[in-house]
Each structure stands twice: as structure tokens, then as C-alpha cells.
Amino acid sequence: NVAKVSPELKKALQQARVANKMSQKQLATLLNVPVQEITKYETGKIIPNNQFISRMERALGTKLPRCKKPPKKKDEV
């Protein structure tokens, strides 16, 4: 069971970046990650963990929706 990227997160991330007049490359440089990583977050190919979402929030000066973790099955601990 894989967590899905919420469409809200992809959209909010892109909107926040554009509102800050930042390119994906500028945001990637600020966060010290490859630009492809930002592209993948915005297209929903990979899911940022909540710790990375916090870093993006600080970089962009805005709140972003958090990923919902998939519910654990009863036999998983």
C-alpha cells in the first residue's frame, strides 16, 4: 500500500514556488537537492516526506498540505 501524492500538495507546491517567482532550479538550489527532485514532487512522481515538506515550507514561506500516511494493516507494527 503506497501513499499517494495528494493533488493538493503538487498544486500548492507549484503555486507557492511561482508566487515566490522561483524556478524549480532556484528552489532546488535553496533546498540543496537536484532540480529533478523538485520536478518529480510537482508532477507527483515521488512523495516528499513531512520533514522535507517542512523544509519546503520554510523556503517558500507558506504552509503546504501534508501527505497522509497509508493506514497500517493490523498485522504490521
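Let me start on the outside of helix H2, where the face turned away from the buried side carries the exposed residues Lys-25, Thr-29 and Leu-30. I should say at once that what we are looking at is a predicted model, so please hear everything that follows as a description of that model.

If we now go round to the other side of H2, we find Leu-27, Ala-28 and Leu-31, which are buried. Looking down the axis of H2, these buried residues fall within an arc of 100°, and so they line one face of the helix. What covers them? The cover over the buried residues of H2 includes H1, H3 and H4.

Let me step back for a moment to the whole chain. The protein chain has four helices and zero strands, and if you read along the sequence the pattern is α-α-α-α. There are 77 residues in the chain, of which 31% count as buried. If we take the contacts between residues at least 6 apart in sequence, 51% of them join residues at least 24 apart.

Next, the way the helices pack. Two packed helices are described by the angle between their axes and by the distance between those axes, and I will give both values for two pairs.

The first pair I have chosen is H2 with H3, whose axes come within 8 Å and cross at roughly 115°. With an angle from 65 to 115 degrees counted as roughly perpendicular, H2 and H3 are therefore roughly perpendicular to each other. The crossing in which H2 passes H3 is right-handed. On the H2 side the contact is made by Gln-24, Lys-25, Leu-27, Ala-28 and Leu-31, and on the H3 side by Val-35, Ile-38, Thr-39 and Glu-42. Sorted by class, this contact of H2 with H3 has five nonpolar, two polar and two charged residues. You may recognise Leu-27, Ala-28 and Leu-31 here as the buried residues of H2, while Lys-25, which also takes part in the contact, is one of the exposed residues I began with.

Staying with H3, which of its residues are buried? They are Ile-38, Tyr-41 and Glu-42. These residues cover an arc of only 95° around the axis, which puts them on the same side of H3. The partners they pack against are H1, H2 and H4.

The second pair is H1, residues 7–19, with H4, residues 50–60, and here the axes are 10 Å apart and the packing angle is about 30°. That angle makes H1 roughly parallel to H4, and the crossing of the two is left-handed. From H1 the residues Leu-9, Leu-13, Ala-16 and Arg-17 meet Ile-53, Met-56 and Leu-60 from H4. By class, the residues of this contact of H1 with H4 divide into six nonpolar, no polar and one charged.

Two residues in these helices deserve a closer look. Leu-9, in helix H1, counts as buried because its relative accessibility is 3%, and the cut-off for buried is under 20%. The C-alpha atom of Leu-9 is separated by 7.2 Å from that of Arg-66, although the two residues are 57 apart along the chain. Glu-57, which is found in helix H4, is buried too, with a relative accessible area of 9%. If we leave aside its neighbours within four places in sequence, Glu-57 is in contact with Thr-62, Lys-63, Leu-64 and Arg-66.

Finally, a word about the backbone in the loops. Most residues other than glycine have a negative phi, and with that in mind I would like you to find two residues on the model. Lys-21, in the loop between H1 and H2, has a phi near 55°, which is a positive value in a residue other than glycine. Asn-32, which follows H2 and sits in the loop between H2 and H3, has a positive phi of about 65° although it is not a glycine. Are these residues buried or exposed? Lys-21 counts as exposed, at 73% relative accessibility, and Asn-32 likewise counts as exposed, at 71%. After H3 comes Gly-44, whose phi is positive as well, near 80°.

Definitions and conventions. Residues numbered from 1 in each chain as written. Predicted model: local features only at pLDDT ≥ 70, side-chain atom pairs only at ≥ 80, totals over all residues. Heavy atoms only, no water. Axes fitted to C-alpha atoms, helices over the stretch in contact; angles between N-to-C directions. Parallel < 35°, antiparallel > 145°, perpendicular 65-115°, else oblique. Left-handed = near helix turned anticlockwise from the far one by under 90°. Contact = heavy atoms within 4.5 Å. Nonpolar A, V, L, I, M, F, W, Y, C, P; charged D, E, K, R; others polar. Buried < 20%, exposed > 50% of the residue type's maximum accessible area, 1.4 Å probe, protein only. Arc of directions from axis to C-beta.
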